[in-house]
Amino acid sequence: MRVETIIKEKLQQAFAPQYLAVENESHMHNVPEGSESHFKVTIVSEEFEGKRLLQCHRAVNQALADELKTDVHALAMHTYTPSQWAQLQAVPSSPQCRGGH
């Protein structure tokens with residue numbers, strides 16, 4: 001199973017998100033073509049209500065602990081509550097990696 005699919009499934013199960021985007025950004029890095037090692041996750045969930053940003057990120061890291069130990073080299077996270085998401089203009093873009101394509 002693809003790493004991207006596993007990430008999506010685990011985050012769906014853990015957070016029942018209102019919105020979830022998992023982007024494979026490996027092509028922006030100096031890795032072999034077809035790699036699945038660098039990801040950007042945007043997730044909107046009521047599970048984040050009343051939590052600090054660090055707590056939200058830790059929860060995502062916990063949900064993806066196995067992937068972070070093995071396949072995933074980098075994970076950019078954008079975690080939002082539904083009210084934060086409603087006020088958001090745009091999700092931040094990821095910077096280009098040194099040595100990236």
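User: What makes the order of the three strands, and is the sheet they form open or closed?

Analyst: The strands run in the order E1-E2-E3 and form an open sheet with mixed pairing. Strands are DSSP runs of E with at least two residues, numbered from the N terminus, and helices are runs of H or I with at least four. This is a predicted model, in which local features need pLDDT of at least 70, side-chain atom pairs count only at pLDDT 80 or more, and totals for chains, interfaces and linings use all residues. Residues are numbered from 1 along each chain as its sequence is written, and side-chain values use heavy atoms, without hydrogens and water.

User: Why are E1 and E3 called edge strands?

Analyst: Strand E1 (19-24) and strand E3 (74-80) each pair on one side only.

User: How do you know that E1 and E2 pair, and in which sense?

Analyst: Pairing requires that DSSP finds at least two bridges between two strands. E1 and strand E2 (residues 38-44) have six, in the antiparallel sense, so they count as paired. Valine 22 has valine 41 in E2 as its bridge partner.

User: Why is H1 called oblique to H2?

Analyst: Helix H1 (residues 3-15) and helix H2 (residues 53-63) pack at about 125 degrees, with axes 9 Å apart. Axes are lines fitted to C-alpha atoms, for helices over the stretch in contact, and angles run from 0 to 180 degrees between N-to-C directions. Under 35 degrees is roughly parallel, over 145 roughly antiparallel, 65 to 115 roughly perpendicular, and the rest oblique. The angle of about 125 degrees therefore makes H1 oblique to H2.

User: Which residues of H1 and H2 make the contact?

Analyst: Contact means heavy atoms within 4.5 Å. Lys10, Leu11, Ala14 and Phe15 of H1 meet Ala59, Val60 and Ala63 of H2.
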